[in-house]
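Please open the model in your viewer and keep the selection panel at hand, since the stops below are meant to be followed in order.

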Amino acid sequence: MLNNGKCEALQAVNEAAFVLQELVLYLDTHPRCTAGLSRYQQAKEAYHQAVEAYVMQYGPLMFDQVQADGCWQWVETPWPWEMED
Amino acid sequence: MWSYEKRLQYPVRIKNPDARAAKIIITQFGGPDGELAASMRYLSQRYAMPYRNIAGVLTDIGTEELAHMEMVCAMVHQLTRDLTIEQIKAQGFADYFVDHTVGVYPVAAAGTPFRAEYFQSKGDVITDLHENMAAEQKARTTYDNIIRLVDDPDILEPIRFLREREIVHYQRFGEALRYAQDQLHSRNFYACNPGFDDCCGN
């Protein structure tokens with residue numbers, strides 16, 4: 001079942017994580033670039049916000065984000081190759 | 001140490017099973033220029049790197065390659081999961097099916113299982129970075145060929161994303177190589193391995 005809200009929240013995580021990933025690789029070879037460092041700070045924040053918004057509604061992306069109240073959600077939500085979200 | 005994030009780096013949603021496409025795409029899992037070899041290549045090379053920033057490039061690109069491997073495996077899985085036995089026979093998938101059913105196993109397109117010889121770890125920063133730049137170009141060529149061979153937009157979209165990542169990684173490895181060359185001892189005229197001694201005993 002395709003859930004539009006979930007898809008959009010995941011897309012926001014993917015996009016924010018992609019920007020962060022690009023900045024990490026760039027900074028590995030340009031470690032003193034001040035513009036890159038300040039964009040990293042912004043990108044990190046945007047990524048954390050997108051992850052938090054997703055996790056609150058749709059379940060954990062990492063095993064330390066499980067709300068351990070009643071069931072072990074980590075294995076209840078679909079795996080990313082299942083096309084169930 | 002690694003942690004798992006329960007998402008693909010870029011979405012893979014393939015609606016129509018296609019065993020022929022799966023047999024082509026699986027080469028980017030277990031083939032000579034695939035993502036498994038890429039990840040193992042970079043993560044293995046890190047220990048002999050004399051420069052922390054280059055060890056960082058290898059760690060971060062090697063980690064991203066694991067995410068690419070997961071995308072490729074997800075594509076193979078989605079292309080094969082709803083096949084009937086008639087489709088498996090008609091689409092030339094019986095030879096894979098007899099050994100692996102529709103499990104995902106690392107083979108090249110022609111069926112050769114993954115081999116550690118697909119990657120190198122030479123213990124020489126200059127040599128390894130040249131290897132890595134070539135590896136990114138070979139992977140890019142393979143993705144070009146996949147784009148020539150398949151026409152389902154559900155397949156092409158993630159394949160184009162993966163192809164672009166090869167180009168970005170090539171760029172970063174090129175910058176790492178320039179850094180390594182700039183660090184060479186002024187008497188190391190022939191760029192001998194700076195991780196072992198300064199200038200080959202000269």
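Two residues are in contact if their C-beta atoms, placed from the backbone, lie within 7 Å, and helices are DSSP runs (H or I, at least four residues) numbered from the N terminus. The model is predicted, with local features needing pLDDT of at least 70 and side-chain atom pairs counting only at pLDDT 80 or more, while totals for chains, interfaces and linings use all residues. Residues are numbered from 1 along each chain as its sequence is written, and chains are lettered from A in the order in which they are written.

Select first α3 (residues 35–45) and α7 (residues 125–149) of chain B, which pack at an angle of about 165° with their axes 11 Å apart; axes are lines fitted to C-alpha atoms over the stretch in contact, and angles run from 0 to 180 degrees between N-to-C directions. The two helices, α3(B) and α7(B), are therefore roughly antiparallel (angles over 145 degrees). Here B:A38, B:R41, B:Y42 and B:Q45 of α3(B) meet B:D128, B:N132, B:A135 and B:A139 of α7(B).

Move next to B:L184, in the segment after α8 of chain B, whose C-alpha atom is separated by 19 Å from that of B:Q45, 139 residues away along the chain. Leaving aside residues up to four places away in sequence, B:L184 touches B:A191 and B:P194. B:L184 has 17 other C-beta atoms within 10 Å and is therefore partly exposed (between buried, at 20 or more, and exposed, at 12 or fewer, with C-beta atoms placed from the backbone).

Finally, select the contact between the chains, which takes 22 residues from chain B and 15 residues from chain A. On the side of chain B that touches chain A, α4 (52–80) and α8 (153–182) each supply at least two residues, and the largest share, 9 residues, comes from α4(B).

Methods
Angles under 35 degrees count as roughly parallel, over 145 as roughly antiparallel, 65 to 115 as roughly perpendicular and the rest as oblique.
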